[in-house]
Amino acid sequence: MMEQKNSLDIKSLTLDELQNRLVELGEKAFRAKQIYQWMHEKLAFDYDEMSNLSKELREKLQSHEELIKLNIVQVQESAIDGTRKYLFELPDGNVVESVWMKYHHGNSVCISSQVGCRMGCRFCASTLDGLERNLLPSEMLEQIYSIIRHTGERVSNIVIMGTGEPMDNYDNFLRFIHLISNDKGQNISQRNITVSTCGIVPNMKRLAEEKLQITLALSLHATTDEKRRKLMPIANKYSLEEVLEACKYYFDKTGRRITFEYSLVAGVNDTKEDAQELVNLIKGMNCHVNLIPVNPIKERDYKQSNKEQIQQFKVRIEKSGISATVRREMGRDIDGACGQLRRKHISNQL
Ligand code: SAH
């Protein structure tokens, strides 16, 4: 947790670290509480808003401590279900996408964890240009904070399923989880946070040892190593056996049910044999299966399975006693698959 302390911006610090930073600046430690509250609870956009700090202190902070914030470049709103896609500009000019979804049980935000991605999953638009850089904890937080400011509504659920591989940006990701769930900030329950990984085994185990209450979702997508390697290069590094063992370890340590994500691709992994193999693979685990009809990207010729096939796949899994859902397609009328809004923006600039 403490490794990167000195290079971190003020909004990425824990309250204890913020106290130390203020003392280093020659200020009283108790100011940290006020500043923390302005940044993480009241969601101040500028130091100027921090009205219980003296003008001198605000100016000092302004010149010593960059307050990370994002600019909204674009907002697309679905006419069907109100889902909004946000394109944000980071301080260095890079852009990231986030999604805001309204559900009966509250508002949910899907955030990015990296600028681009180096995992290379074949069907995914976010990885086509590789990894640009990791996001800071503050840059993950600000995707949510900006959306709360913009919508004026509370957020109760968070999914880290946007662009990037969170287990490839582990320290910043973990810090983000502590900050977003801190009761002196947004206080979002860890039980309402889901992190999705392509299966970086050592970091899944590290995460298990943190004993958090967040849900771990594994991108499974195939039932044999051979098939999985064709879709996901990471499968060359870690076998299905190792990945599933890490999932069991996570459950053993945290008691949290595992979610398996399975993107259905026509003719690739959607037959009844595939469904049976999936059942055989995960039977006996405390888990849930989330079926995702593949969202076709123009760079690849993967196609969505038809509705009936998807339904049959779901029923086969449920018949074995494992719970399954088909991910609702939110915002069908706004820029499709994850990562496409960002790519479109970048290519328009060239
Ligand atoms: N890096 C994380 C988060 C990725 S996005 C991970 O790999 O899990 C969240 C989910 O969407 C993953 O399961 C990912 O494999 C899946 N996904 C990405 N692009 C997709 C597409 N075009 N169609 C369907 N699912 C997709």
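## Ser263 and its strand

Strands here are DSSP runs of at least two residues, labelled E and numbered from the N terminus. In this predicted model, one such run is E10, covering residues 258–264, and Ser263 belongs to it.

How accessible is Ser263? Its relative accessibility comes out at 8%, and since anything under 20% is called buried, Ser263 goes in the buried group. As for its company, set aside the neighbours within four places in sequence and you're left with contacts to His221, Asn269 and Ile292. His221 turns up again around the ligand, where it is listed with Glu165, Ser196, Ser219 and Asn295 as the residues that come nearest.

## Around the ligand

The shell around the ligand has 16 residues. By type, they split into seven nonpolar, seven polar and two charged. Strand E10 pitches in with at least two of the shell residues, and so does strand E8 (193–197).

## Polar contacts and burial

Which atoms of Ser219 and Asn295 pair up with the ligand? For Ser219, a polar side-chain atom sits 2.5 Å from a ligand oxygen. Asn295 uses its backbone instead: an N or O atom there is 2.8 Å from a nitrogen atom of the ligand.

Glu261 joins in through its side chain, with an N or O atom 3.3 Å from an oxygen atom of the ligand. On its own the ligand would expose 530 Å², and the protein buries 95% of that.

Technical notes:
Residues numbered from 1 in each chain as written. Predicted model: local features only at pLDDT ≥ 70, side-chain atom pairs only at ≥ 80, totals over all residues. Heavy atoms only, no water. Helix = DSSP H or I, 4+ residues; strand = E, 2+ residues; numbered from the N terminus. Buried < 20%, exposed > 50% of the residue type's maximum accessible area, 1.4 Å probe, protein only. Contact = heavy atoms within 4.5 Å. Near = heavy atom within 4 Å. Polar contact = N/O pair within 3.5 Å; in protein donor to acceptor, adjacent residues only side chain to side chain. Areas by Shrake-Rupley, 256 points an atom, 1.4 Å probe, with all protein chains shown as cover. Nonpolar A, V, L, I, M, F, W, Y, C, P; charged D, E, K, R; others polar.
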